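This report describes a structure for a reader who has not met it before. It starts with one local feature and then widens the view.

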Amino acid sequence: MNINIIALIRAAVLNGTPLLFGTSGEILTEKSGSLNLGVEGLMYMGGAFGLMGVFYYDRAAGAGANAFVAIMIAILCSLLAGMAGSLIFSFLTITLRANQNVTGLALTIFGTGLGQFVGEQMRIKVGGNVAISNGLKVVFADGVFPKAMQEIPVIGPLLFSYNIFVYIGIVIAAVMAYIMAKTRKGLYLKAVGESPSTADAAGINVTRYKYFATVLGGGISAVGGMVYTMTIAGTVWNHTGLAGEGWIAVALVIFCLWKPLNAIWGSILFGGLMIMYIRVPIAFIPSQIYKIIPYIVTAVVLVIVSLRQKKEDQPPASLGLPYFREER
Amino acid sequence: MENHAIEFRGITKRFGSVTANNNVDLYVDKGTIMSLLGENGSGKTTLMNMLAGIYMPDEGQIYVDGKPVSILSPKDAFDNGVGMIHQHFKLIDVFTAAENVALGINEGKYDLKDVAAKVTEICNKYGFDIDPAKKIYDMSVSEKQTVEIIKVLYRGANTLILDEPTAVLTPQETSKLFSIMKTMKEDGKAIIIITHKLNEVMEISDVVAVLRKGEHIATVKTSETNPQQLTEMMVGRAVELDIARKDPVNPVPRLTISNLTCRNSDGVVKLNNVSFVANGGEILGIAGIAGSGQKELLEAVAGLNKIDSGSIIYTPEGKEPAELVGLSPMKIKEAGVALAFVPEDRLGMGLVGGMGMTGNMMLRSWNKGKGPFIDRKGPEKLAADVFEFLEVKTPHIDYPVRKLSGGNVQKVLVGREIATSPSVLMSAYAVRGLDINTSYVIYDLMCEQKEKGTAVVFVGEDLDVLLQLCDRILVLCGGEVSGIVDARTTTKEEIGLLMTSVGGKEEN
């Protein structure tokens, strides 16, 4: 039984990591007042382009493929894809002041479609499953710490047994929390999200902050999609694999109360809830009901937060609203 | 000769086809308090926003300390030593005072303790009292305003612009603000204050600049002018500044409210055991610091707020008394109780921003008309009447009200409520932000209603007006009635004291 729990936690962490990226990115975006509902699309794009980058690198380099380069290519391709997607979103909503909800939904449709197109195209070209050579595959899936550390009882598997993206994700969330709490830039970013007119009157370049946070946030979210295809999906393109990840990330942002540190344990919890139906099946609960638990938890949190009315736990006050200086 | 602190030369600003400022020449000197007077839409705020970097002038040149400058953003304004305290505070609720002050300052190391220490230093110098670690949402309006002023001083501003700073303050807070303004003036700062209240203009300023329809009419020394002359300059013709208050004729109880208690949605008691009588043929003023329960009281009577306990007995003319508690808002309205509430953001309650005047008039009569079709003719005529009688400045009556200036939005709202010829007319902040001329039009309308035998309940902010307009004044403090006084015999100080104390319980 003991081993089962450790295995369950490990699975939760691994499953939660794509969510951690997706959520951290969206927190950054939403802190600037942009509500980007295109996370689902961005994660699809990240997943497809990240896989594509490594796939062609693998083909070009053959046996001489370098692990570090492969990981960098995966991150870079997915990051750039996500940034390109959220740049479109930013241009439409920040510069042209289009409705954020509509634009975000459009981005989801666009991103899912583009990701599918790229992924399926590769699959058809190679005539089967898009997969990279086994030598590179393990680079993404295996733990980064030495074997000896991984084999320490209990602590080893719990803390040191994961692939590199788990640690990168935690570092990103922690750095983000630090920046928001302790630096001037973080204070300005929060100010832009709370009240752009106040930030503007204080001489802060609202447009630049919104663009920066939204574009980078979208990029980080997209890396989450890559992490999913490269680790959980085993570097194989599967056209339904990523479905729903982006939406859970959006829900998780609310669950975490827009705080990056909460995203770390929140994503592990949600990662666990998502796989509970496989790991801990309970006969009389249909798996469909089991699968909606993350959404129910989010709804409950939303209700509790709204009832408590604690000012610090509320969404950024200008979330979803366009800003135009000369509006009267 | 010393340079002017600020000088405008030939400033013009247009919004589409509307000219907000036309060829304005104006200057203010160091160590001077200048009042900027003008009706709504005369371009005062627009002019100041150009100085603060919110808008850019289309033509003309601004000089700071004798040097031509181009102020393209709020940051440029700060760099030139200009700071503006906006009417709607530019503060972030979830931040502390120190964090708000630190916004936009990029010099030096980011250390909030350092900021807090400097804030305390400024407080000591000018006599403020603010805890730098206090969150904005925990602050009173007056404290928020203080933070705004500290923000500007922290950046080393030499010129301060205050946009209607006293609109939300109690008399005591206002006099405190004025003494601070005088300290700053002695410190050599140039201060521009935008206000509608002539008594304040006379009290605080050294010079008065008058704008009318976007043009600079004149700048006069306060000591050489009087309210009557200023009003004439503002409006462009002679205006009667007295409210024709007649003695109430045969007042009969119209609304009898006893032991009314209400909570808001969070369960906080907003009205506690409120009892009073509103008589027909009488104007009952309601005074109190913003948020003392004025809104809840009116909403409770109108049936919009849930009532915990107590009763509201309504006695229409020549009919049997009836209990209003428990009736739907629609029934209460049909019985003749009208509510004209002007919220802080004028569009928040009562008007639909995207619709024109006609559409908004229709909101009162949507359930009338034959069959499934609404009646357009009535509201159209009403809109045309309000347009003409209250001189609403709009391109045409179907122009979205959201795009009108604040004062004009209000005219639409108040005009509509009065037009229903109610037997109880409740209005809150009916003249909030309105210029003198329009305010008096509204006061006259209230008096007219009173003479018709209507019970008028008037929630107001300006105590001078309450004293002149009302017959009796009820003072609310923290949701309780702290006193009902006769408007003809009471004083501003007495009301001010009642506003901050309830049954001996002092509030800071």
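In this predicted model, β9(B) and β10(B) form a hairpin with two residues between them. Lys213(B) sits in the turn, with a positive phi of about 50 degrees, although Lys213(B) is not a glycine. Is Lys213(B) buried, partly exposed or exposed? A residue counts as buried if 20 or more other C-beta atoms lie within 10 Å of its own, and as exposed if there are 12 or fewer. Lys213(B) has 16 other C-beta atoms within 10 Å, so Lys213(B) is partly exposed.

The two arms of the hairpin, β9(B) and strand β10 (residues 215-221) of chain B, run antiparallel and are joined by six bridges. Across this pairing, Leu211(B) stands opposite His216(B), and Ala209(B) has Thr219(B) as its bridge partner in β10(B). Strand β9 (residues 207-212) of chain B is also joined to strand β3 (residues 33-37) of chain B, by four bridges, and these two strands run parallel. One bridge in that pairing links Leu37(B) to Val210(B).

**The six-stranded sheet**

The hairpin strands belong to an open sheet of six strands in the order β6-β7-β8-β3-β9-β10 (chain B), with mixed pairing. Which strands are at its edges? They are β6 (82-85) and β10 of chain B, each of which pairs on one side only. From one strand to the next, the twist averages 20 degrees.

Helices pack on this sheet. Helix α5 (residues 141-154) of chain B touches β6 and β7 (159-163) of chain B, and its direction makes about 170 degrees with that of β6(B). Helix α8 (residues 227-235) of chain B touches β3, β9 and β10 of chain B, and its direction makes about 30 degrees with that of β9(B).

**The four-stranded sheet**

Chain B also has an open sheet of four strands in the order β12-β11-β14-β15, with antiparallel pairing. The strands at the edges are β12 (269-280) and β15 (322-323) of chain B; each has a single partner strand, so one side of each is left without a neighbour in the sheet. Strand β11 (residues 252-263) of chain B pairs with β12(B) in the antiparallel sense over eight bridges. Within this pairing, Ile257(B) stands opposite Phe276(B) in β12(B). Helix α9 (residues 294-302) of chain B packs on the sheet and touches β11, β12 and β14 (307-314) of chain B. The direction of α9(B) makes about 65 degrees with that of β12(B).

The table sets out the strand pairings described above.

| Strand pair | Direction | Bridges |
|---|---|---|
| β3(B) and β9(B) | parallel | four bridges |
| β9(B) and β10(B) | antiparallel | six bridges |
| β11(B) and β12(B) | antiparallel | eight bridges |

**Chain B as a whole**

There are 16 helices and 22 strands in chain B. The radius of gyration of chain B is 24 Å, close to the 23 Å that the globule rule gives for 508 residues, so chain B is as compact as a globular protein of that length. Its C-alpha trace spans about 75 × 50 × 45 Å along the principal axes. Of the 508 residues in chain B, 48% are buried. Among contacts in chain B between residues at least 6 apart in sequence, 67% join residues at least 24 apart.

Chain B is divided into domain 1 (6-235) and domain 2 (249-336 + 424-430 + 453-508). The C-alpha centres of these two domains lie 35 Å apart. Their contact takes eight residues from domain 1 of chain B and 10 residues from domain 2 of chain B. On the domain 1 side there are four nonpolar, three polar and one charged residues.

**Contact between the chains**

How many residues of chain B are in contact with chain A? There are 18, and they meet 20 residues of chain A. On the chain B side, α2 (74-79) and α3 (97-102) each supply at least two residues. The largest share, three residues, comes from α2(B). By class, this side of chain B has 11 nonpolar, two polar and five charged residues.

**A residue in chain A**

Arg97(A) has a positive phi of about 55 degrees although it is not a glycine. Arg97(A) lies in the loop between α3 (67-95) and α4 (100-126) of chain A. With 13 C-beta neighbours inside 10 Å, Arg97(A) counts as partly exposed.

Note on methods. Residues numbered from 1 in each chain as written. Chains lettered and ligands numbered in written order. Predicted model: local features only at pLDDT ≥ 70, side-chain atom pairs only at ≥ 80, totals over all residues. Contact = placed C-beta atoms within 7 Å. Nonpolar A, V, L, I, M, F, W, Y, C, P; charged D, E, K, R; others polar. Pairing = 2+ DSSP bridges. Domains from an automatic or database assignment. Axes fitted to C-alpha atoms, helices over the stretch in contact; angles between N-to-C directions. Rg over C-alpha atoms; globule rule 2.2 N^0.38 Å.
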